[in-house]
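The following exercises concern a single protein chain. Please examine the sequence and the coordinates before reading the solutions.

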Amino acid sequence: MEEAKENLLFKGFAERLTLGITQILENMPGVVDVRFVEREPAEKRSLLSWEQKNTCILPEDLRDFYLTTDGFTLTWSVKLDNECVPLGCMMINSVGRLSPLLQPVSLFSLPNAPSLADLDWEESGKESGLERAAAAPHFDARSRLFELDSCGGNGKVCLVYKNCTPGVVAQQSEIWFLDRSLCWHFLTATFTAYYRLMITHFGLPEWQYAYTPYGPSPQAKQQWASLYQPLIFSNELSQADAAGDHFLNKLDPTKAFKGKAKVPPPQKKPSAQGSSGAAAKGQGTTGRLSGAKR
């Protein structure tokens, strides 16, 4: 009885935490092995220790999330040719793994060794007119970056504190995505908005690239997103068509693969002499036939 009661309590807790996404996934065709990892709440002292160590204040919604569960992991697979293939993964690191993206420089490293801070070349917005470069996070001391999700090696979702001053506690944070080319892309202003965004996209591969100028790979978009996210996928296509996206290659097979019509060979017109000779020959034949009858 106690085990059944605990199972019911855990199921209700999982439904509230995942916003009912587990039942939706289980009812989808081909989806198998939906797993939600239960975790204990984080202790308040661990949150205070993290804030003191990193000189940052956790946002209120992220703090409440960690006091509910120390991290989040939900995975699901699809069945292809009688084989389970892992596909979706929704993950948020625990407080202990909410580590800085840029680790401190080792004492044994070379003095002129390249680092990510070298990517932050000075490019003033007044001279170049690029306001987005000024708004993006930096890899140096001006920003404090913490990894929320490694995205399976396709990039990193980070909790970002911008406009930081050494020795001053940072309070304002945002959620940004760092792609594999080390370019920053803004996702949401709050953790709650990002959490809902992650649930909405079912943790599909490369879903964060939908918020980049170039989008996810064709396999992730056409094979998986169109299958398990038809509403979002069709909405993105309609928006692209309305915007006049020239990168979308529209092909009409009826026109592209239509065979060339065979032109009939020109018929030779009979000459005037030939036609008169044929007529005379016909008259002679008729005369002979009439003579034979007589």
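Two exercises with worked solutions follow.

The model is predicted: local features need pLDDT of at least 70, side-chain atom pairs count only at pLDDT 80 or more, and totals for chains, interfaces and linings use all residues. Residues are numbered from 1 along each chain as its sequence is written, and side-chain values use heavy atoms, with hydrogens and water left out.

**Exercise 1.** Characterise the protein chain as a whole.

*Solution.*
1. The protein chain holds 11 helices and seven strands; these are DSSP runs numbered from the N terminus (helices H or I, at least four residues; strands E, at least two).
2. Of the 294 residues, 32% are buried, meaning under 20% relative accessible area with a 1.4 Å probe, protein chains only.
3. Take the contacts (heavy atoms within 4.5 Å) between residues at least 6 apart in sequence: 57% of them join residues at least 24 apart.

**Exercise 2.** Determine the strand order of the open sheet of three strands, and locate the helix that lies across strand 2 and strand 3.

*Solution.*
1. The order is 1-2-3, with antiparallel pairing; two strands pair if DSSP finds at least two bridges between them.
2. Strand 1 (31-36) and strand 3 (83-92) are the edge strands, each pairing on one side only.
3. Strand 1 is joined to strand 2 (residues 72-80) by four bridges, and Phe36 stands opposite Leu74 in strand 2.
4. The helix is helix 7 (residues 191-200), which runs at about 170° to strand 3; axes are lines fitted to C-alpha atoms, for helices over the stretch in contact, and angles run from 0 to 180 degrees between N-to-C directions.

Technical notes
Buried < 20%, exposed > 50% of the residue type's maximum accessible area, 1.4 Å probe, protein only.
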